[in-house]
Amino acid sequence: MDIHEHQAKEILASFGVPVPRGGLAFSPEQAAFRNRELGGARCVVKAQVHSGGRGEAGGVRLCEGEADTRAFAADLLGKSIVTKQTDAAGKRVDRLWVEEASDIARELYLGFVLDRKSERIMIVASGHGGMEIEDLAEEDPESLIRMVIDPAVGLAAYQARELAFKLGLEGPQIGQMITVLKACYRAYRDLDAMMVEINPLVVCGDGSLVALDAKMSFDTNALFRRPQVAALRDPGQEDPRESFAADHGLAYVGLDGDIGCIINGAGLAMASMDMIQLAGGAPANFLDIGGGASPERVCQAFRTVLSDRNVSVILVNIFAGINRCDWIAKGVLQAYREVGIEIPVVVRLSGTHVEAGRKLIAESGLPIISANTLAEAAEAAVAARPQTTVAA
């Protein structure tokens, strides 16, 4: 789960990271008031959306006084900004962060991420802040400093000092950097984060360090024990299909095709999407109903897939282990009764209680297309698409 910049700054500040003074605004008048609170002089107005590259997309501006702040806020609020990290529709701007302008002498990059290879939290830092980490890795890979944290020990002071030295900091800045690093590590560890990024972490003209921008993302599987983090979710920044699925406990990722997928197991889901494309179609989603899916959960999966109006066919592909094929079949029949399915449905069942599941489908009298193999199911789903969709 991602959160907004102002939320990440509030969290990091509570752990001891220095951030600029600022305030949230939901209207042009409120933005002008925030400028007045900061002294009525220069301020930076930032669109609050879940995407990087806001500056290049026109979502960040240095404003001079209340009038300029109000005008920029009026121009930005309610509109969508398109960045290299969004789709063509962009992200709608419903809130702004207005903060005091900083005297920037130097920009650094600092990130905490999970390194799956070492199974450790890794610090990634660079003396070239203000750039996306992907651009840094491509344009100047030698500038990236990587440091792995031993979970049994935590971030050691000597590691923090070593990183500060490598970034060219000196004097009092060393102590400030140690404070920032330890605060970020505690925030990451204590809140079940998946990423903490400060970009840029700036060295101001007076030598102090300030987090000028911040991003945090969290492990959705741990939100049940972090209600204070779960409360920060902004559904308005999510794909409506994914938001709907998340509200019903389903693992779902929306795609651009028209063949809806209801599958158990991430590996089988990926293979199914590959087979759909090999057969000449395009998947509309990734959806893993998980193990032990009840008929009610299968029915809810149908509702989720059908929330995407682009879906013209549904492919149900189940290899039952913990699951049972008869449960899945009952869920499919329940979906027909409760949801009102009006598009073709292809069902391929294999594994536990497969004969019972296939019998339920066959005796239902419903226009369900059955398949025995994944290849057959993918080809049947592609063939069942309406001709208008195929032509498009």
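Here is a short tour of this protein, from its overall build down to a few backbone details. The structure is a predicted model, so please read every value below as computed from that model. The protein has 392 residues, and 50% of them count as buried. Its secondary structure comprises 14 helices and 18 strands.

**Overall build**

- Taken along the principal axes, the C-alpha atoms fill a box of roughly 80 × 50 × 40 Å.
- Sequence-distant residues meet often here: among contacts between residues at least 6 apart in sequence, 68% join residues at least 24 apart.

**Surface and charge**

- The accessible surface comes to about 17900 Å², and carbon and sulfur atoms account for 51% of that area.
- The protein carries 39 positive and 52 negative charges, and the mean positions of these two groups are 4 Å apart.

**A β-α-β unit late in the chain**

- Strand β17 covers residues 345-351 and strand β18 covers residues 368-371; the two run parallel and are joined by four bridges.
- Within this pairing, Val346 of β17 stands opposite Ile369 in β18.
- Helix α12, made of residues 354-362, completes the picture: β17, α12 and β18 together make a right-handed β-α-β unit.

**A cis peptide bond**

- If you follow the backbone to Asn199 and Pro200, you will find a cis peptide bond joining them, with omega at about 5 degrees.
- Pro200 sits in strand β10, which spans residues 193-204.

**Two residues with positive phi**

- Glu119 is not a glycine, yet its phi is positive, near 55 degrees.
- You can find Glu119 in the loop between β7 (104-115) and β8 (120-126).
- Glu119 counts as exposed because its relative accessibility is 63%, and the cut-off for exposed is over 50%.
- Asp192 also has a positive phi, of about 55 degrees, although it is not a glycine.
- Asp192 lies in the loop between α6 (172-190) and β10, the strand that holds Pro200.
- Asp192 has 15% relative accessibility and therefore counts as buried, since buried means under 20%.
- Side by side, then, Glu119 is exposed, whereas Asp192 is buried.

Conventions:
Residues are numbered from 1 along each chain as its sequence is written. This is a predicted model: local features need pLDDT of at least 70, side-chain atom pairs count only at pLDDT 80 or more; totals for chains, interfaces and linings use all residues. Side-chain values use heavy atoms; hydrogens and water are left out. Buried means under 20% relative accessible area, exposed over 50%, partly exposed in between (1.4 Å probe, protein chains only). Contact means heavy atoms within 4.5 Å. Accessible areas come from the Shrake-Rupley method with a 1.4 Å probe; for residues, only the protein chains shown count as cover. Lys and Arg count as positive and Asp and Glu as negative; His and the chain ends are not counted. The place of a charge is taken as NZ of Lys, CZ of Arg, CG of Asp or CD of Glu. Two strands pair if DSSP finds at least two bridges between them. A crossover is right-handed if, with the strands pointing away from the viewer, the path from the first strand over the helix to the second runs clockwise.
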